[in-house]
Amino acid sequence: MPRFDAIIDARSPAEYALDHVPGALNCPVLDDEQRHIVGLTYVQSSAFEARRIGGAMVAQNIARHIQQQFHDKPQNWRPLVYCWRGGLRSSSFVTWLRLVGWDAQQLQGGYKAFRGHVIARNDVLARALALRVVCGPTGSAKTRVLHALARQGEQVLDLEGLAAHRGSVLGAIPGVEQPSQKAFETRLYEALAALDPARPVWVEAESRRIGRVALPEALLNRLRASPVVEIVAPVQARLAFLLRDYAWLGDDPDALAGKIAALKGTQANDTLSRWHDWAMARQLAPLFQDMMALHYDPLYARSQGRHLQRLGQAARVHAQALNASDIDELARRVAAVRFDER
C-alpha cells in the first residue's frame, strides 16, 4: 500500500495482536474493555444505548490519538484506516481525520478483505515457487544450512523462522511466543511476495504443523512434490551439533522434562523415565543420543519417505562435521546441486 503515509488499525488491541496489516499502527477507537461494555449494552439494553455509550468512547479515543499520535502531521498527510469489515469504527476515524483536513481513506472490506487477499495470494504464490527442499535427520544442521545459503545470495524460505518454532517436541524457542495462525500466514505472505519465482527457493522439509501453526495446503503440496537434497552426516557429528545448538535446554531442567512428558504414549514408560532423569540431571549428551536413536531417526524415516515424493531421487550431500565453517562449505555444495526438472 505505497500510496499512503500511514496505515491505521482502528480495531481493539486484542484484534490487532492476533494479526494485522503489516506496518499498521494500532489506534483503537474502542479498547478491549470498552468493546466488551458496548457489546454487553447492546445485548442487555438496546442498540441505541450501545451507540450512545460507544459514541462518547469513540470520540474521546480518536481525539486522544490525534493529540498524541498525529499532532505533528502535515496537511498533505494521507493515512489509510481499517477495522474488521470496513464499518463504523474505521469510518468514524476517517470522518474525524477528514474534518481536520487530512485526506484519510478507508480500506474497503477492512481486515476481513485483507485476510482474504492473504489466503488467496499465498495459494497463488506457493504454486509458482521453484522449491528446493533440504532434508536430513535431526541434527543435520538444516536450518543453519538455509541461513548459510541466504548469506551466499540464494533465495531462502525460512518457515521455522516465520513460525518462531524449530518444528519438534523440543522446538519451542524460550522467551519467543509463536504467532497466531493468521499472523503466521501474513508473515508468509510477505516472505513469498518478496521472492523471485524465476529463481530457485531453498526450504527445509517440514511437516504439516510447525509447533502450533500449520502450513497452507498449497505450500505443503508444493514442498512435498519438489526436488530434494538430503544431508548425510555421522551420528556423532549430529550429536555434537545438537549439543551446541540446543545447549539452552539444559538451563531449565523442569521445562525440558515437561517437553519429554508430552511424548507419553509414543515411547515406553521406562524410556521416558530415563529421559526425564537425564533432563533433570542436565545430561544432554546421553539424552539427545537416545532420543535420536529411539524417537527422531525412526520418525524421520517414516515421515520423509511418506511425504517427500522425490526423496528416492534425492541428491545426497555428505558432511563429516557440522561446525560453523563446515556448514558454510556444506551450503556451497548444496547450492551447486543440479536437478532433473522432469
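By class, the second largest pocket is lined by 10 nonpolar, four polar and four charged residues. That pocket belongs to a predicted model, and the domain assignment splits the protein into domain 1 (6-108) and domain 2 (130-336). Here's a quick tour of the pockets, the domain contact and a handful of residues.

**Second largest pocket**

- The second largest pocket holds about 580 Å³ of space.
- Its lining counts 18 residues, and the closest to the pocket centre are Leu30, Val38, Arg51, Leu88 and Arg89.
- Three elements give two or more residues each to this lining: helix 2 (32-44), helix 3 (47-68) and helix 4 (88-100).
- Helix 3 supplies the largest share of the lining, six residues.

**Largest pocket**

- For the largest pocket, the volume comes out at about 940 Å³.
- Glu160, Arg166, Gly167, Ser168 and Glu204 are the closest to the centre of the largest pocket, out of 45 lining residues.
- Elements giving two or more residues to this lining are helix 6 (142-151), helix 7 (159-163), helix 9 (217-224), helix 10 (235-245) and helix 13 (284-307).
- Which helix gives the most to this lining? That would be helix 13, with 10 residues.
- Sorted by class, the lining of the largest pocket has 19 nonpolar, 16 polar and 10 charged residues.

**How the two domains meet**

- Measuring between C-alpha centres is left to the program, which puts domain 1 and domain 2 at 42 Å apart.
- Four residues from domain 1 and five residues from domain 2 make up the contact.
- Between them, domain 1 and domain 2 bury about 420 Å², and 61% of that area is on carbon and sulfur atoms.
- On the domain 1 side, Leu18, Asp19 and Pro22 lose the most area to domain 2, together 91% of what that side buries.

**Two buried residues in helices 2 and 3**

- Thr41 sits in helix 2.
- Thr41 counts as buried because its relative accessibility, 13%, falls under 20%.
- Leaving out residues up to four places away in sequence, Thr41 touches Ser46, Glu49, Ala50 and Ile53.
- His65 is part of helix 3, and with 7% relative accessibility it counts as buried.
- With residues up to four places away in sequence left out again, the residues that His65 touches are Cys27, Pro28, Phe70 and Phe93.

**Helix 6 and its surroundings**

- Helix 6 has these buried residues: Lys142, Thr143, Val145, Leu146, Ala148 and Leu149.
- What do the buried residues of helix 6 pack against? The partners are strand 5 (130-135), strand 6 (155-157), helix 7, strand 7 (200-204), strand 10 (228-232) and helix 14 (324-335).
- Just after helix 6 comes Gly153, with a positive phi of about 95 degrees.

**Positive phi outside glycine**

- As background, most residues other than glycine have a negative phi.
- Ala141 goes the other way, with a positive phi of about 65 degrees although it is not a glycine.
- You'll find Ala141 in the loop between strand 5 and helix 6.
- Buried or exposed, for Ala141? Ala141 is buried, since its relative accessible area is 3% and the cut-off for buried is under 20%.
- Ala164 also has a positive phi, near 55 degrees, and is likewise a residue other than glycine.
- The loop between helix 7 and helix 8 (181-193) is where Ala164 lies.
- At 9% relative accessibility, Ala164 counts as buried.

**An exposed residue in helix 12**

- Asp270 belongs to helix 12 (residues 269-280).
- Why does Asp270 count as exposed? Its relative accessible area is 53%, and exposed means over 50%.
- Going from Asp270 to Ile7 spans 263 residues in sequence, and the C-alpha to C-alpha separation in space is 56 Å.

Conventions. Residues are numbered from 1 along each chain as its sequence is written. This is a predicted model: local features need pLDDT of at least 70, side-chain atom pairs count only at pLDDT 80 or more; totals for chains, interfaces and linings use all residues. Side-chain values use heavy atoms; hydrogens and water are left out. Helices (H or I, at least four residues) and strands (E, at least two) are DSSP runs, numbered from the N terminus. Buried means under 20% relative accessible area, exposed over 50%, partly exposed in between (1.4 Å probe, protein chains only). On a 1 Å grid over the protein atoms alone, a cavity is a set of points where a 1.4 Å probe fits but cannot get out, and a pocket is an open set with protein on both sides within 12 Å along at least five of seven lines; lining residues have an atom within 4 Å of a point. Grid points are joined across faces, edges and corners, and a volume is the space filled by probe spheres set on the points. Ala, Val, Leu, Ile, Met, Phe, Trp, Tyr, Cys and Pro count as nonpolar, Asp, Glu, Lys and Arg as charged, and the others, Gly among them, as polar. Domain bounds come from an automatic or database domain assignment. Contact means heavy atoms within 4.5 Å. Buried area is the accessible area (1.4 Å probe) that two parts lose on being put together, summed over both.
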